[in-house]
Structure formats: structure tokens, C-alpha cells
Amino acid sequence: MNIKEKYMKKALAQAKIAYDKLEVPVGAIIVKDGRIIARAFNQKETKVDTTKHAEILAIQKASKRLKSWRLIDCEMYVTLEPCPMCAGAIIQSRIKKVYYGALDEKTGAVGSKLNLFRDFKFNHRVEFENSILQKECQNILQDFFKELRSQKSASINKEWVYKWKVGGEIMSKQALSKKVIHLCIISIIIIGIVFTAILFILKYDENGETNMPFLVSKISVISTVDGQDVENPEAKWDKTINQNNDIYVYVEKNVQYNKTETIASVAIENFKVEKNSNKGELKFYKQTQDEKILYKNTDEYLIDSIEYSGAKTSNSKKMEISNQGGIIEFRCANNNIGTYKSNEDTEINYGELLKKIGMNEEDLNATFSFDLTIKLNSGKSFKAENIQLTIPNDNLINEGKVGREINNPEGIVFKRIEN
Ligand SMILES: [Zn+2]
């Protein structure tokens, strides 16, 4: 493409704008020292003014830009042969040279009907060259009039002219439908974003963190009845009876979470007795370091919180949890739910102790709660508050021992917290 064609393309771009606005598609540009200083398109219909030809509007813009009506050394590129009015204005403005594309056999004044630039002697002579991108310049006009004819029907004006109310702009059906499609796409995108955001907020509200690296996958409880000897020389058996509930909280990797995270620590805090049993008193203990004895219900091991640190492997005696997940253990004991005294010689069957002292299941109904915090080595922390646990007591009366496993315990909602 040569330089003339390059500039004519710019004039054609202006013609295209006119086309979309239902104007006869003619465009013009003015070039000075290799720079485009004005662009314009025909606006006769829009402005309801017969003088608003592309060439006139371009001359006005260039004069404004140069702050002079003399457009010396300026060249005009226009898609259609100028009419007598425009040719006159071009001579008056001292434009050096005009390049045009299509011929205008009906009203052209630069070669078709007459030639104001060549055949008449004025104070200024304008050079000219025609047929630059002639085909393209002709095609856009032909397409325009073809479309206009095809729209010709009884309701020509109603069908052809659409007013875009917001801008008050007049545009072709084509341009209007393009605009409508754009607006639809933008609307769909906006609705999509809003909808997704709402869904996300709702989901977060309901379930806390929706994609947790670690979860509490299971809580298991082993309850046993136990008697502690009381020094009493008068009775053969004198025992205080405790119900020991050994709790195991399983912290496991969430299989749906696909990034690598490791545990820095897991803490259980804020033990709260939600419902005490009718007899006895709930207390919380940590494990002993003794290999043989798991727990001792003595003040030395009482806890109001417990923290396991992340390690290579889990070790409950050292209060360590594998940084890939493991088990946190503690005891919730219901101490001193009754006493058993007897002078019988027979061995005590712990399974029958509760029955012997007249306990029933309801007496042992108890619920407690705690908070669980998981800290990760990446610096993130997640906390689940108020995890409720009801101590199992069925069968305890008859057998003195009961175990229960709660898989995927409900109501554990983790929320991201700041360290
Ligand atoms: Zn004209």
C-alpha cells in the first residue's frame, strides 16, 4: 500500500462512520507535513444542512487547528469527487492538492460534469489526482444505496430509521443491532459477576471456609466407669466413682484441597460445659507422659486448653501432631458421680458399679464444647468455634464401657482468622 492509499483508507474510515449514521458515506481528511490535521464525514442529514459535506467540515476543522483559513501546503483526501460547492471552498482555502477516490458522474466538479481545478482560471490553482482506491470508495456508496433501496417499503422510515433514545443519535439498523448486541454481552457479564459474588457470599455464610486445607474428619469418644479407692479402714470397698471420657479428634487433609499445606499447630481451647450431668462435675485433663498410664485424674494434668505442635509424625505423649494431620487427645472426666461402699468379699465388676449405686442414663447426660484452631506453616490460621460434643452414656449403666465414633461431625465451621 502506498502513502496515498494509506491516507485514502483513513478517509474511508470516516465514510464508514457516516454510513453507520445513515448519511451518504463520504469521508475526508486533510494532511499537512505528513500529519493528519483534520478528519470529517458527511453530516447533511444529521445537521439538516446542505453545506455539511465532508470536505467543508474538514476545511473548518483544519482552519481551526491551524488558526488560519489559508490551508497552504495542505492536501485533502476525499472518498468522492468534490461537488461545485466543495471544489469552490477548496480553491478558496488554498489547499495545495486533492486526491479523490470515486467519480461523481452526476455532480462531480473535478472532472465529471466540469473541472473547476483545471478548466477555469482562479487566483489559486489546485492540483488533483483521482481514482485512489476507487473500487473501495465506490463500493461503500453502492452498498449504502443498495441497502437503502432494499429497505424501501410502505414503512420505509419506520423500519430504516431507528432513534437511539439515550444518545438521540440516528443510526442504521446494522449499527443499532451491533450496539444492542454489545449491550447484551456487557449486561450478561455484569449479571454473571454479581450472581457469582452473591453465591460466594451465601456459601461462605453457610459453610465458613469452603475450601479448607484440613478438616475434622472424625471425633471418637471412649467412656469408661472407674473407681478410685478411698482410705477407709471400716469398709472393705470404698470407692469414688468417675466416668472417664477419652476424646480423640481427628484432623485430616481435605482431599478436595489441591495445594500443599502443612500444620504448624493445632490448639483446643475454651472448654465450656454446656450441660452438666445431675451427678458429678466435668473436668478436662491432658495425657500423662507415663507410657503405662494414659490419664490420671489429678490436678497436675488439668487443662483449660491444649496445643499440639506440628511434627514429622504424631506422638500424643509429646503432644505432637503430624504436619500432614493426626489425632489430638484429651479426657473429659465426670468426677465423683457417686461412692460405692461394701464389705463384700467378691471382686468389683466395674460394669455393674453404676447400677449398684442406683445411677440411670439421664443422670449422666452431659454436653460440653470447645474451639479448635489449626495454624499452618504458610501463615494461615483457621478456627472452628463451639464444637459441641454430647457424652455417650447408653450401655454405660449395663456394661461400664461405651465407645462412639462420629464421622464428618456436623456443625464444625472453620473461619479464616488473623494470627
Ligand atoms: Zn460537496
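**Group meeting: a walk through the predicted model**

Let me begin with Asn 408, which is exposed, with 10 other C-beta atoms within 10 Å, and so falls under the cut-off of 12 or fewer that we use for that word. Please keep in mind throughout that this is a predicted model. Asn 408 sits in the loop between strand S17, residues 401–407, and strand S18, residues 414–417, and although Asn 408 is not a glycine, its phi is positive, at about 40°.

A second residue to look at in the same way is Ser 131, in the loop that lies between strand S5 (127–129) and helix H5 (134–150). Ser 131 is again a residue other than glycine with a positive phi, near 65°, but here the count is 15 other C-beta atoms within 10 Å, which makes Ser 131 partly exposed. Lys 67, just after helix H3, also takes a positive phi, of about 50°.

That brings me to H3 itself, residues 54–66. The helix has 13 residues, and at 1.5 Å a residue we should expect a span of 18 Å; the C-alpha atoms at its ends are 18 Å apart, so the expectation and the model agree. Which residues of H3 are buried? They are Ala 54, Glu 55, Ile 56, Leu 57, Ala 58, Ile 59 and Ala 62. These buried residues pack against two helices and three strands, namely helix H1 (3–20) and helix H4 (84–92), together with strand S1 (27–32), strand S2 (35–41) and strand S3 (74–80).

H1 also has a partner in H5. Two packed helices are described by the angle between their axes and the distance between the axes. For H1 and H5, the axes come within 11 Å and cross at roughly 5°, and because that angle is under 35 degrees, H1 counts as roughly parallel to H5. From H1, the residues that meet H5 are Leu 12, Ala 15, Lys 16 and Tyr 19, and on the H5 side they are Glu 136, Cys 137, Ile 140 and Phe 144. Sorted by type, the residues of this contact are 6 nonpolar and 2 charged, with no polar ones.

Now to the strands. Strand S9, residues 237–253, pairs with strand S8, residues 214–229, in the antiparallel sense over 15 bridges, and Ser 220 has Tyr 248 in S9 as its bridge partner. S9 is also joined by 15 bridges to strand S14, residues 325–342, again running antiparallel, where Asn 245 has Cys 332 in S14 as its bridge partner.

There is also an open sheet of 6 strands, with mixed pairing, in the order S13-S12-S10-S15-S16-S18. Its edge strands are S13 (320–322) and S18, each of which pairs on one side only, and from one strand to the next the twist averages 25°. Within that order, strand S15 (residues 367–376) and strand S16 (residues 381–390) run antiparallel and are joined by 8 bridges, with Ser 369 standing opposite Gln 388 in S16.

I will finish with Ile 397, which is found in helix H9, residues 396–399. Is Ile 397 buried or partly exposed? It has 19 C-beta neighbours inside 10 Å, and since buried requires 20 or more, Ile 397 counts as partly exposed. Its C-alpha atom is separated by 9.4 Å from that of Gly 358, which is 39 residues away along the chain. Leaving aside neighbours within four places in sequence, Ile 397 is in contact with Leu 354, Lys 355, Met 359, Asn 360 and Glu 361.

Notes: Residues numbered from 1 in each chain as written. Predicted model: local features only at pLDDT ≥ 70, side-chain atom pairs only at ≥ 80, totals over all residues. Helix = DSSP H or I, 4+ residues; strand = E, 2+ residues; numbered from the N terminus. Expected span 1.5 Å × (residues − 1). Contact = placed C-beta atoms within 7 Å. Axes fitted to C-alpha atoms, helices over the stretch in contact; angles between N-to-C directions. Parallel < 35°, antiparallel > 145°, perpendicular 65-115°, else oblique. Nonpolar A, V, L, I, M, F, W, Y, C, P; charged D, E, K, R; others polar. Pairing = 2+ DSSP bridges.
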